[in-house]
Amino acid sequence: MELDPSAAAAAVADKAMAVPSLAKALDAYKTAVGTAASVTAYVVLARGMARELLPHDLRAAAHWAASFLRARLETPPPERRTLVIKRSVANPYHYADADDADGGGGRRGGSSGDLYDEVREYLATRIDPHSMRRLCIGGRSKNSLSMEHGDSMTDVFEGVEFTWTSVEGRSHQENGGGYGSSGTEDSLELSFDAEHTDMALGSYVPFITATVEEKRRQDRALRIFLNEGAHWQGISHHHPATFDTLAMDPVLKQSVITDLDRFLKRRDYYRRIGKAWKRGYLLYGPPGTGKSSMVAAIANYLRFNLYDLDLSEVYSNSALQRLLNGTPNKCILVIEDIDCCFSTASRKEKDDSDYGDYRSGQANSERSVTLSGLLNFIDGLWSTSGEERIIIFTTNYKERLDSALLRPGRMDMHIYMGYCCYEAFKTLARNYHLIDDHMLFPEIQQLLSDVEVTPAEVSEMLLRSEEVDVALRVLAEFLREKKQATRERDSLLPHEDEVTGKEAEEGDM
Ligand SMILES: Nc1ncnc2c1ncn2[C@@H]1O[C@H](COP(=O)(O)OP(=O)(O)OP(=O)(O)O)[C@@H](O)[C@H]1O
């Protein structure tokens, strides 16, 4: 092996340089250790001298001055406030029932239950199970989570931290410790920086109650109340109609939804302009076009109970007044077939008659409930004594309605529920057969533009078979026959020119 002389020389030179740099580092280390030792020695010496030389009072003053300076320089922890929300001892195991909240017949709206229950319910939706050491499960709703006594959790509202602590109260026995009800004064404590006191009381706590009220409303089973004499009788309301299942012109449907949304948000607006917070809808159109389905869809959308007023059961204005006073806030008052309500004839008789001398505003001589009485109650007493109410009138014959009812401003929105258009048919096809397209759709679209058929009729055809091909064929055949029948009927009618000619002849005579 041959050695490279230049490489060997470089290695020797490197070694020679490395030795002095190691020595230098050792020197620097020694110096540093020496300095540190000297500083420590000086500090010890100085403290010893100070203790020896300075009098005790002077040392105490120096110590106080140092602490004062430190306290001044450090920012103090913010002042805290605590709000204690106690469980009501009178009914310690009461959890507000969903049906309590303005659901009962005749009770005014508003939330029930105490604040403790509402906060617990709210916190159950905010609790992060992963961040809690221990958790409770159960209570009003089987799956609801809550804190163990002694535990805390933090909720952030508008960027501010609010800390909740569950505190176990002392045991409490009523009726002298006998068999009376017992409970504990458990509480939930809300702590926050004192500067946020106004926000806690003015915004955060009201936000919690509003959130819980809204959730209870959404969870609540709806009820429909029917009048018996001057009282309401409620039963469960399970009508499946929603705006999704409602077959109608999509633009009109959206405008109804938008109107409802706007109405719900306008509490302050109605207060400012001094108008009652109520909204009136008139639904009109031929039978089977979905007026009742629309009422149910509105109730399901708003989660408002329905009060279906049958005026044929109301025999006096005072009974009417009692019934209207018995409706709570957040409800829908429905009067179906309003055109029939103030007629002496029954609906059947009226439909069969030529309607000659019918006066919809005319009071039945045997009954004292009048249209004007009803409108006065709704406009006056009913609207000023409650909030967030909807009134819906339905009719198959808008043209027969009293002008007092059609006057601008009386009913806020007139909604025409018409014959089945193609868009409405597509909604029904989706509802019943989960389809958005089919080879028969173009023909059905054409037929629907030629004939007048109600959504109820189309629904019936679509339900004839569970097989989509069969159902659509049945519908197409039904529409073809209807078109043919319409054509034949039209051909039997006298032509417009013939009518005009005949009138002219009669005029000449
Ligand atoms: N627009 C629609 N959307 C969805 N289904 C409808 C519609 N119209 C009618 N139907 C179906 O037909 C049935 C009867 O309709 P609904 O009672 O809502 O009509 P209506 O206009 O109130 O009739 P009436 O004037 O005779 O009371 C409903 O249960 C529903 O199955």
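# Exercises on sheets, helix pairs and a ligand shell

**Exercise 1.** In what order do the four strands of the antiparallel open sheet stand, and which helices pack on that sheet?

*Solution.* Step one is the strand order: four strands make an open sheet that reads 1-8-5-4, with antiparallel pairing. Keep in mind that this is a predicted model.

Step two, look at the edges. Strand 1 (80-86) and strand 4 (152-157) sit there, each pairing on one side only. On average, neighbouring strands of this sheet are turned by 25 degrees against each other, direction ignored.

Step three, zoom in on one pair. Six bridges hold strand 4 and strand 5 (residues 160-167) together in the antiparallel sense, and within that pair Met-153 stands opposite Trp-164 of strand 5.

Step four, add the helices. Helix 3 (residues 115-126) packs on the sheet and touches strand 1, strand 4, strand 5 and strand 8 (187-193). The direction of helix 3 makes about 115 degrees with that of strand 1. Helix 4 (residues 197-219) packs on the sheet too, touching strand 1, strand 4, strand 5 and strand 8; the direction of helix 4 makes about 70 degrees with that of strand 5.

**Exercise 2.** Work out the order of the seven-strand sheet, and say why strand 10 and strand 15 each have one side without a neighbour.

*Solution.* Begin with the order again: seven strands form an open sheet, 10-9-12-13-14-11-15, and the pairing is mixed. Strand 10 and strand 15 (413-416) stand at the edges with a single partner strand each, so one side of each has no neighbour in the sheet. The average turn between neighbouring strands here is 25 degrees, direction ignored.

Now see where "mixed" comes from. Strand 9 (residues 223-228) runs antiparallel to strand 10 (residues 231-236), joined by six bridges. Strand 9 also runs parallel to strand 12 (residues 305-308), joined by three bridges.

Ile-224 is a handy residue to click on: its bridge partner in strand 10 is Ile-235, while in strand 12 its partner is Leu-306.

Next, the link between strand 9 and strand 10. These two strands form a hairpin with two residues between them, and Gly-229 in the turn has a positive phi of about 65 degrees.

Last, move along the sheet to strand 11 (residues 278-284) and strand 14 (residues 389-395), which pair in the parallel sense over seven bridges. There, Leu-283 stands opposite Thr-394 of strand 14.

**Exercise 3.** Take two helix pairs, 14 with 16 and 13 with 15: which crossing is left-handed and which is right-handed?

*Solution.* Start with helix 14 (residues 441-450) and helix 16 (residues 468-492). Their axes come within 10 Å and cross at roughly 30 degrees, and the crossing is left-handed. On the helix 14 side, the contact uses Glu-443, Ile-444, Leu-447, Leu-448 and Asp-450; across from them in helix 16 are Leu-475, Ala-476, Leu-479, Arg-480 and Lys-483. Sorted by class, that contact has six nonpolar, no polar and four charged residues.

Then turn to helix 13 (residues 422-433) and helix 15. Here the axes also come within 10 Å, crossing at roughly 35 degrees, and the crossing is right-handed. Helix 13 brings Ala-424, Phe-425, Leu-428, Ala-429, Tyr-432 and His-433, and helix 15 answers with Pro-455, Val-458, Ser-459 and Leu-462. This contact splits into eight nonpolar, two polar and no charged residues.

**Exercise 4.** How many residues surround the ligand, and why can you say that the ligand lies between two domains?

*Solution.* Count first: 16 residues surround the ligand, and the closest are Pro-287, Gly-290, Ser-292, Pro-455 and Ala-456.

Then ask who supplies them. Helix 7 (291-302) and helix 15 (455-462) are the elements that give two or more residues to the shell. By class, the shell has seven nonpolar, eight polar and one charged residue.

Finally, go up to the domain level. Domain 2 (224-343 + 370-416) and domain 3 (422-491) both contribute residues to the shell, so the ligand lies between them.

Methods
Residues numbered from 1 in each chain as written. Predicted model: local features only at pLDDT ≥ 70, side-chain atom pairs only at ≥ 80, totals over all residues. Near = placed C-beta within 6 Å. Nonpolar A, V, L, I, M, F, W, Y, C, P; charged D, E, K, R; others polar. Domains from an automatic or database assignment. Pairing = 2+ DSSP bridges. Axes fitted to C-alpha atoms, helices over the stretch in contact; angles between N-to-C directions. Left-handed = near helix turned anticlockwise from the far one by under 90°. Contact = placed C-beta atoms within 7 Å.
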